[in-house]
Every structure is written in C-alpha cells, then in structure tokens.
Amino acid sequence: MNRFGSVLELWAPNPPIECPVRAIAAVRENGPSPRHHLSAQLAKKPLPWNKTRKPITHLRVSSKPTSKPTSAAGAPKPAGETIYFDGGAHYGDLVANLLLGFTLLWLPLTLAAVFRAFFLRYRFTNVRVTVISGLTGQERSDFSYDVIKDVQVVPRFVGEWGDVIITLKDGTKVDLRSVPKFREIAKYCLELAKIPAVLKQSGTKGV
C-alpha cells in the first residue's frame with residue numbers, strides 16, 4: 001500500500017498555476033496581500049550589509065599645460081644688447097693647418113684647427129663675451145666686462161688673425177684662438193671693461 005501511495009503521489013497532478021492577469025485583478029479588488037506588504041517594506045529598508053558601503057563618486061582632474069623649459073643656448077638677450085662681433089675662427093687658420101697636416105707631426109694641430117672652424121664660435125656684445133662650443137653648441141660660457149682684468153693679443157701667421165687672451169679678476173685666463181680682427185676686438189673689450197686702452201701684444205707666432 002505504501003508503494004502504491006508513493007506512486008500515486010508522484011503521478012498526482014500539480015496544482016493549477018494562477019493566471020497573472022487574474023492575480024493582478026484580485027490585488028486591485030481585494031488589496032495587496034501581506035506578502036506584498038513584506039516585500040515592499042524590505043525594498044524600502046536598507047540591507048544591513050549596505051550600511052558601510054560608501055557612495056561612488058567620480059573625480060575629474062584637470063591640469064594646466066606647463067611651459068616648456070628653455071635651454072641655455074636659447075637664452076634671451078638682455079634689452080638693448082647689440083652684437084659687435086659674432087663668428088668663428090679665421091678661415092686662414094684652417095687652410096694653413098690643412099696644408100701642414102700632410103706631415104704626421106702636424107696632424108694633431110690640424111685636427112684642432114678643424115674643430116675650431118666648425119664647432120667654435122665667439123660673440124662679443126656691449127654686455128658680455130660668449131664662447132659657444134660643442135657639436136650642437138650645447139657648451140656655452142658667458143662673462144661680463146666687469147670681471148675682466150687684462151686683455152692681451154698674440155698675432156698668428158703674418159698678423160691676419162691672432163689669439164685674444166682675457167684674464168679675469170679671479171685669475172682665470174680665457175684663450176680665444178684664431179680670432180679675426182683680434183686687435184679691434186681686444187680694444188673693444190678694454191674699452192667696455194673701463195681699462196686704459198694699452199694693448200699688450202707679444203711677438204708674432206706661427207699658425
């Protein structure tokens with residue numbers, strides 16, 4: 001009997017499924033059931049595990065564009081600065097050293113002359129003296145005429161070009177090799193340094 005009873009229970013028909021349209025109509029007529037009241041209260045009441053959850057906020061960060069750094073080679077000139085001389089070593093220095101460079105002993109001097117011709121530049125203004133060197137001109141040194149103590153010149157070859165040796169007040173010597181118009185430039189430096197224009201000149205040397 002128990003076996004037949006269990007089989008009958010398994011084959012017993014399921015309870016009829018209530019039509020959703022009829023259920024909605026019944027809720028409208030009789031009002032919501034207690035189960036509906038409970039679900040509505042749970043929806044309004046926050047869950048206990050949501051109490052510590054913080055609201056999500058969106059941050060928008062905006063940054064202003066920064067100005068590009070300026071290099072030393074592109075430093076602006078002071079107002080009212082005028083250029084007296086801006087150029088490299090005399091071309092005669094390169095030609096003479098190239099002709100003498102066929103001898104093995106003169107080769108180091110020839111390489112130095114090539115470097116001066118292509119990678120060295122002098123600039124004299126009414127404010128400062130600038131020496132620019134290097135493959136891309138990244139090496140630059142400036143000093144004003146107020147720090148100049150003495151200026152000397154050394155003629156080269158037959159006096160077409162020469163060296164300008166500037167001695168600063170701290171004892172530093174700046175040797176400018178193969179400068180065109182070296183006598184005029186030396187006198188210009190003495191005048192702006194407010195030194196008596198007595199140009200010291202040594203004997204003529206080789207190239």
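This passage describes the fold of one protein chain, from its overall make-up to its two sheets.

The structure is a predicted model, in which local features need pLDDT of at least 70 and side-chain atom pairs count only at pLDDT 80 or more, while totals for chains, interfaces and linings use all residues. Residues are numbered from 1 along each chain as its sequence is written, and side-chain values use heavy atoms, with hydrogens and water left out.

A good place to start is the list of building blocks. The protein chain contains six helices and eight strands; here helices (H or I, at least four residues) and strands (E, at least two) are DSSP runs, numbered from the N terminus. Their order along the sequence is α-α-α-β-α-α-β-β-β-β-β-β-α-β. Of the 207 residues in the protein chain, 27% are buried, where buried means under 20% relative accessible area, with a 1.4 Å probe and protein chains only. About 16,100 Å² of the protein chain is exposed surface, and 62% of this comes from carbon and sulfur atoms; accessible areas come from the Shrake-Rupley method with a 1.4 Å probe. When contacts (heavy atoms within 4.5 Å) between residues at least 6 apart in sequence are considered, 47% of them join residues at least 24 apart.

Next come the sheets, in which two strands pair if DSSP finds at least two bridges between them. One open sheet has four strands in the order β1-β2-β3-β4, with antiparallel pairing. Its edge strands, each paired on one side only, are β1 (83-87) and β4 (139-144). From one strand to the next, the twist averages 10°; axes are lines fitted to C-alpha atoms, for helices over the stretch in contact, and angles run from 0 to 180 degrees between N-to-C directions. Four bridges link β1 to β2 (residues 120-125) in the antiparallel sense, and Ile-83 has Thr-125 of β2 as its bridge partner. Helix α5 (residues 107-119) lies across β2 and β3 (128-133), at about 50° to β2.

Four strands also make up an open sheet with the order β7-β6-β5-β8, and here the pairing is mixed. At its edges are β7 (173-180) and β8 (200-201), each pairing on one side only. Strand β5 (residues 148-156) runs parallel to β8, and two bridges join them. Gln-152 has Lys-200 in β8 as its bridge partner. Packed on this sheet is helix α6 (residues 182-192), which touches β5, β6 (161-168), β7 and β8. The direction of α6 makes about 175° with that of β5.

Terms used
Buried means under 20% relative accessible area, exposed over 50%, partly exposed in between (1.4 Å probe, protein chains only).
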